[in-house]
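Work through the exercises below with the sequence and structure at hand. Each task is followed by a stepwise solution.

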Amino acid sequence: MEDVKLEFPSLPQCKEDAEEWTYPMRREMQEILPGLFLGPYSSAMKSKLPILQKHGITHIICIRQNIEANFIKPNFQQLFRYLVLDIADNPVENIIRFFPMTKEFIDESLQSGGKVLVHGNAGISRSAAFVIAYIMETFGMKYRDAFAYVQERRFCINPNAGFVHQLQEYEAIYLAKLTIQMMSPLQIERSLSVHSGSTGGDLRSRIRSSSGS
């Protein structure tokens, strides 16, 4: 695997004219990357449609758990494309399993010229964790650096301790996944023969399935 060099795009720099953070801004959405916004549910309520349209939002990731479904809703399903995730803001909730799905959704939005809003309830823990994960994997960043980048733009973010632990774990996961995707079949064979000995056949099949073959 040491023969494979991963390359990532450069991270956009913070705008020099960025607003100084004030408490009421937590009730609004902020643009974290060009076309990627993070905010609370209050930024996606029915009364905020003109603001969403003004910013060019086309896709929305709505993160809620079942008991929140009565007051956190995908309000504009005929206008925007939605991804609704059933996730509790609970440290034992497994969020890593949703990272590939959300990255694909965001990438498709941005690549088609759209703009996407990621929101939970307060825009502080769940939704922030997903935006951090996206930035980590897209730009090859560690959790701490991705967190700082997002916090520069939405100061109130604070993923719960369980989410932080999973984000720290995700660094090794996404790097391994990207490395496998870039490796040629011959490189995979060599790597498995070095690391796995007689169990190479089983590992080969697992790697092929995990890389989307």
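Is Glu-137 buried or exposed? The model is a predicted one. Glu-137 has a relative accessible area of 7%. Buried means under 20%, so Glu-137 is buried.

**Exercise 1.** Find the salt-bridge partner of Glu-137 and state which helices the pair joins.

Step 1. Glu-137 forms a salt bridge with Lys-177, and their closest N and O atoms are 3.1 Å apart.
Step 2. Glu-137 belongs to helix α3 (residues 126–139), while Lys-177 belongs to helix α5 (residues 161–182), so the pair ties together parts that lie 40 residues apart in sequence.
Step 3. Lys-177 has a relative accessible area of 24% and is therefore partly exposed.

**Exercise 2.** Classify the partners in the salt bridges Arg-97 to Glu-93 and Glu-152 to Arg-153 by exposure.

Step 1. The salt bridge between the Arg-97 and Glu-93 side chains has an N to O distance of 3.3 Å. Arg-97, at 48% relative accessibility, is partly exposed, whereas Glu-93, at 17%, is buried.
Step 2. In the salt bridge of Glu-152 with Arg-153, the closest N and O atoms are 3.3 Å apart. Glu-152 is exposed at 55% relative accessibility; Arg-153 is buried at 12%.
Step 3. The salt bridges in the model number six.

**Exercise 3.** Describe the surroundings of Lys-73.

Step 1. Lys-73 sits in the loop between β3 (59–64) and β4 (81–86).
Step 2. Its relative accessibility is 39%, so Lys-73 is partly exposed.
Step 3. Leaving aside residues up to four places away in sequence, Lys-73 touches Tyr-41 and Arg-64.
Step 4. Ala-44 is 29 residues from Lys-73 in sequence, with a C-alpha to C-alpha distance of 8.8 Å.

Key:
Residues are numbered from 1 along each chain as its sequence is written. This is a predicted model: local features need pLDDT of at least 70, side-chain atom pairs count only at pLDDT 80 or more; totals for chains, interfaces and linings use all residues. Side-chain values use heavy atoms; hydrogens and water are left out. Helices (H or I, at least four residues) and strands (E, at least two) are DSSP runs, numbered from the N terminus. Buried means under 20% relative accessible area, exposed over 50%, partly exposed in between (1.4 Å probe, protein chains only). Contact means heavy atoms within 4.5 Å. A salt bridge is a side-chain nitrogen of Lys or Arg within 4 Å of a carboxyl oxygen of Asp or Glu.
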